[in-house]
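Trainee: I have a new model on my screen and would love to talk it through with you. Shall we take it step by step?

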Amino acid sequence: MRTLIVSDIHANLTAFEAVLSDAGSYDQVWCLGDVVGYGPDPNECIALLRQQPGLRCIMGNHDAALMGYIDLQAFNDQAARAVTIQSELLSQESRYFLELLDIVIEEGEITFAHGSPREPIWEYVVSGRIANENFSAFLTQICLVGHSHIPSIFVQNPHGRPTILTPQNADRWRSDKRFILNPGSVGQPRDRNPKAAYVIWDDQDDTWLFKRVAYDVESVQKRILELGIPSRHATRLSQGI
Ligand code: ZN
């Protein structure tokens with residue numbers, strides 16, 4: 001079975017479509033949160049995501065903000081502005097979808113949490129120290145996270161800090177150890193590579209394949225500006241920051 005793993009689509013339909021067509025055949029889709037926020041197409045991204053086979057999806061901080069579950073004060077001004085504009089665009093159907101998302105899911109030997117397993121909405125797993133502290137917050141072998149928008153793997157090391165890997169396009173990972181894996185972001189990569197990021201897990205040979213795909217960034221930037229979403233969310237897309 002091939003599982004397509006996406007995270008942080010951030011209302012970027014063009015990037016999401018590029019990922020779906022680049023991924024080849026897949027049997028199910030897991031989404032690690034933040035379907036909305038920042039980009040121009042929240043309803044379209046939700047609609048396309050809902051059509052995916054075997055969909056499992058959790059809630060991210062932007063999804064929660066759009067539902068009014070968390071205070072906009074927790075965001076910087078520009079992110080809050082994008083959330084406010086999207087909230088006006090959001091259809092009732094999209095609301096129902098976001099409203100019912102789980103915060104954490106366990107699926108076999110895999111846990112999903114948007115930020116981190118101990119603080120699923122807000123914590124960023126970006127250092128060995130934070131990863132290390134989070135290994136006791138989940139029971140499965142593997143935890144999948146999003147939120148930092150940086151493709152990465154934190155491998156547990158019983159005798160010290162975790163090993164940190166930052167996989168590039170076409171890198172494959174396989175391990176019997178415990179690890180926390182971030183597929184990177186579809187709609188707003190932040191590792192200085194503007195290409196959309198995703199992962200394919202093949203459970204036959206138990207490999208995690210990291211992939212990057214180019215998309216038409218300019219057309220997304222144009223739609224962001226037309227909607228009055230702060231220009232930083234447009235310019236950063238071409239730099240991958
Ligand atoms: Zn995000």
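Mentor: Happy to! This is a predicted model, so let's begin with the overall fold.

Trainee: What radius of gyration does the protein chain have, against that of a compact globule?

Mentor: For 241 residues, a compact globule would come out near 18 Å. The C-alpha atoms fill a box of roughly 50 × 35 × 30 Å along the principal axes. The value for the protein chain agrees with the globule rule: 17 Å.

Trainee: How much of the protein chain counts as buried?

Mentor: Buried here means under 20% relative accessible area. Of the 241 residues, the share that counts as buried is 57%.

Trainee: Why do the buried residues of helix 5 lie on the same side?

Mentor: Helix 5 spans residues 92–99, and S94, F97 and L98 are buried there. They are on the same side of helix 5 because the arc they cover around the axis is only 95 degrees. Their cover includes helix 2 (42–50), strand 3 (56–57) and helix 3 (61–66).

Trainee: Is strand 7 covered on one face or on both?

Mentor: In a regular strand, side chains alternate between the two faces of the sheet. In strand 7 (residues 152–155), S152 and F154 are buried on one side. I153 and V155 are buried on the other, so the answer is both faces.

Trainee: Which residues stand opposite F154 in strand 10 and strand 8?

Mentor: Strand 7 pairs in the antiparallel sense with strand 10 (residues 179–182) over 4 bridges. Strand 7 also pairs in the antiparallel sense with strand 8 (residues 163–165), over 3 bridges. The partner of F154 in strand 10 is I180, and in strand 8 it is I164.

Note on methods
Residues are numbered from 1 along each chain as its sequence is written. This is a predicted model: local features need pLDDT of at least 70, side-chain atom pairs count only at pLDDT 80 or more; totals for chains, interfaces and linings use all residues. Side-chain values use heavy atoms; hydrogens and water are left out. Buried means under 20% relative accessible area, exposed over 50%, partly exposed in between (1.4 Å probe, protein chains only). Helices (H or I, at least four residues) and strands (E, at least two) are DSSP runs, numbered from the N terminus. The arc is that of the directions from the helix axis to the C-beta atoms. Contact means heavy atoms within 4.5 Å. Two strands pair if DSSP finds at least two bridges between them. The radius of gyration is taken over C-alpha atoms; the globule rule is 2.2 Å times the number of residues to the power 0.38.
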